[in-house]
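Visitor: I am new to this structure and would like a close look at one part of it. Could you walk me through the place where the chain is linked to itself, and then show me what lies around it?

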Amino acid sequence: MGDHDGQQLSAREMVRAHTYPLLAAIASFSLLALALLQIPQAVKTHRYNRCIDEQVSLRSASNLAGQQGPGKLIYLKAVQHCEGL
């Protein structure tokens, strides 16, 4: 450390001097790991949303009688298709 030039640091001073940078590095790495672990779920959700949008547009093209725009039945059938039920 700059204020201890030429001096031998005791074990306690070494721990005090390096605790904050070590904890900051651990926090940074854990934040990065959490961000990387979220990627597969984000991809899955994006694909699911695209599937729902595509199914709603396909089903609303044949528009059921008595419905204006995509109704609840069309949406539920799209969810059922995309979830593989």
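Guide: Gladly. One term will help us first: a polar contact is a pair of N or O atoms within 3.5 Å, and within protein one of them must be able to donate a hydrogen and the other to accept it. Please also keep in mind that this is a predicted model.

Let us begin with the setting. The chain has 3 helices and 0 strands, so the order of its elements, read from the N terminus, is α-α-α. Of its 85 residues, 9% count as buried. The surface that the chain exposes comes to about 7200 Å², with carbon and sulfur atoms supplying 62% of that area.

Now to the link you asked about. The count of disulfides here is 1. Its partners are Cys51 and Cys82, whose sulfur atoms sit 2.0 Å apart. Because the cut-off for a disulfide is 2.5 Å between cysteine sulfur atoms, a pair at 2.0 Å qualifies. The angle about the S-S bond is -95°, and the link of Cys51 and Cys82 is left-handed. Cys51 belongs to helix 2 (residues 39–61) and Cys82 to helix 3 (residues 72–82), so this pair ties together parts that are 31 residues apart in sequence. In space, the C-alpha atoms of Cys51 and Cys82 are 6.1 Å apart.

How covered are the two ends of the link? Cys51 has a relative accessible area of 24% and is partly exposed, whereas Cys82, at 18%, is buried. The dividing value is 20%: buried means under it, which is why Cys82 at 18% counts as buried and Cys51 at 24% does not.

Who else is around? Leaving aside neighbours within four places in sequence, Cys51 is in contact with His81 as well as with Cys82. His81 also leads us to another residue of helix 2, Gln55. The side chains of Gln55 and His81 make a polar contact at 3.3 Å, and this is where the term from the start comes in. Gln55 is buried, with 12% relative accessibility. Again setting aside neighbours within four places in sequence, the contacts of Gln55 are Ala78, His81 and Cys82. Cys82 therefore appears twice in our tour: as the disulfide partner of Cys51 and as a contact of Gln55.

For a contrast, let us turn to the surface. Phe29, Leu32, Leu36, Ile39 and Val43 form a nonpolar patch there, with about 500 Å² of accessible area together. Helix 1 (11–37) and helix 2 are the elements that give two or more residues to this patch. The largest share, 3 residues, comes from helix 1. Phe29, one of the patch residues, is in helix 1 and is exposed, with a relative accessible area of 60%.

To put the picture together: helix 2 holds Cys51, which is linked to Cys82 in helix 3. Helix 2 also holds Gln55, with its polar contact to His81, and it shares in the nonpolar patch along with helix 1.

Methods
Residues are numbered from 1 along each chain as its sequence is written. This is a predicted model: local features need pLDDT of at least 70, side-chain atom pairs count only at pLDDT 80 or more; totals for chains, interfaces and linings use all residues. Side-chain values use heavy atoms; hydrogens and water are left out. Helices (H or I, at least four residues) and strands (E, at least two) are DSSP runs, numbered from the N terminus. Buried means under 20% relative accessible area, exposed over 50%, partly exposed in between (1.4 Å probe, protein chains only). Contact means heavy atoms within 4.5 Å. Patches are made of residues with over 30% relative accessible area and no salt bridge: like charges are joined within 9 Å, nonpolar side chains (Val, Leu, Ile, Met, Phe, Trp, Tyr) within 5 Å. Accessible areas come from the Shrake-Rupley method with a 1.4 Å probe; for residues, only the protein chains shown count as cover. A salt bridge is a side-chain nitrogen of Lys or Arg within 4 Å of a carboxyl oxygen of Asp or Glu.
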